Amino acid sequence: MHDPTMNSDDLSFDFGLTGLGGSFHGDWVLFAADQGDHIAQWYGPADAEGVGRRLLLADDVRRLVESPLTGAELNALWRLTDGNALDGSPEIGGRERDWLQRASALAGAAAGPHRRGTGAAPCARGTGGPETGEGVPSPAYTHRLLTDDVKQLVDRLDPRQDAVGVTLPQARDALTRCAEEVCAEIAFRFLLHGFEAFGSPVPRELYGRLEGVGERFGYGPHVVDRLHHLVE
């Protein structure tokens, strides 16, 4: 996501670690021997066609693993990818960083910098330069400018149901810390899952704000519209 050369087709739907978490629908156990087999199937053969998806996962994993977030905060973010009690993303509590790195490896995604090192710039507030070598705003800088927007949107979570394995205070704290210490873009994708996990209604005004932030992050058409069923 921090590589300006990334193919926009890879951003049409949810991607990276949040995309992987959301792939563990309730029926995944019918088609995979175990979670590792599911991950391998989800990403498919290690060929050129899927390289973008693997890079996006590797970037998320690297940033989170190397971040100052606690294991409990990483677990809270991951639990948000369970849309309801019928979903079944793996339990990673107590081994968060090890599991994330293993998942990245199973997907064939080397958890290193993006191509030509373009994705290596830090994204957290107060770090990273404003421009790439071509004189245009870097993705990391653009993402950092949206930190406050994402933190304000975290406050709009309004639970109508209990999330699986995470409370509202835990979720808000982890999302805020992720936006401040890791990257607002990654936090925003976990937040979108949070609206589903808590069954939080999305007024049209809020949906418009979510769409606007998604556009500024460079998302395709179907990352934010996963919440359309919650609009009221």
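This report looks at the salt bridges of the structure above, and at one more acidic residue, E73. Keep in mind that this is a predicted model.

Let's begin with the general idea: side chains of opposite charge can pair when their charged atoms come close. In this structure, such pairing gives 13 salt bridges. Three of them are set out below.

| Acidic residue | Basic residue | Closest N and O atoms |
|---|---|---|
| D82 | R79 | 2.7 Å |
| E205 | R156 | 3.0 Å |
| E91 | R79 | 3.5 Å |

**Around R79**

R79 turns up in two rows of the table, so let's take it as a starting point. One partner is D82, with 2.7 Å between the closest N and O atoms. How buried or exposed are these two? D82 has a relative accessibility of 2%, and because the cut-off for buried is under 20%, it counts as buried. R79 is buried as well, with a relative accessible area of 2%.

The other partner is E91, whose salt bridge with R79 has its closest N and O atoms 3.5 Å apart. This pair links distant parts of the chain: R79 belongs to helix α4 (71-79), while E91 sits in the loop between α4 and α5 (96-106), 12 residues apart. E91 itself is exposed, at a relative accessible area of 54%. So here a buried arginine, R79, pairs with an exposed glutamate, E91.

**E205 and R156**

Now for the remaining row of the table. E205 and R156 form a salt bridge in which the closest N and O atoms are 3.0 Å apart. Where do the two residues lie? E205 is in helix α10 (residues 204-216) and R156 is in the loop between α7 (147-154) and α8 (168-181), so their pairing ties together parts that are 49 residues apart in sequence. E205 counts as partly exposed, with 44% relative accessibility. R156 is partly exposed too, its relative accessible area being 26%.

**A network, and E73**

Salt bridges can also join up into a group here: D14, E196 and R226 are linked in a network of them.

Finally, a look back at helix α4, which also holds E73. With 16% relative accessibility, E73 counts as buried. Which residues does E73 touch, leaving aside its neighbours within four places in sequence? E73 is in contact with A174 and R177.

Notes
Residues numbered from 1 in each chain as written. Predicted model: local features only at pLDDT ≥ 70, side-chain atom pairs only at ≥ 80, totals over all residues. Heavy atoms only, no water. Salt bridge = Lys/Arg side-chain N within 4 Å of Asp/Glu carboxyl O. Buried < 20%, exposed > 50% of the residue type's maximum accessible area, 1.4 Å probe, protein only. Helix = DSSP H or I, 4+ residues; strand = E, 2+ residues; numbered from the N terminus. Contact = heavy atoms within 4.5 Å.
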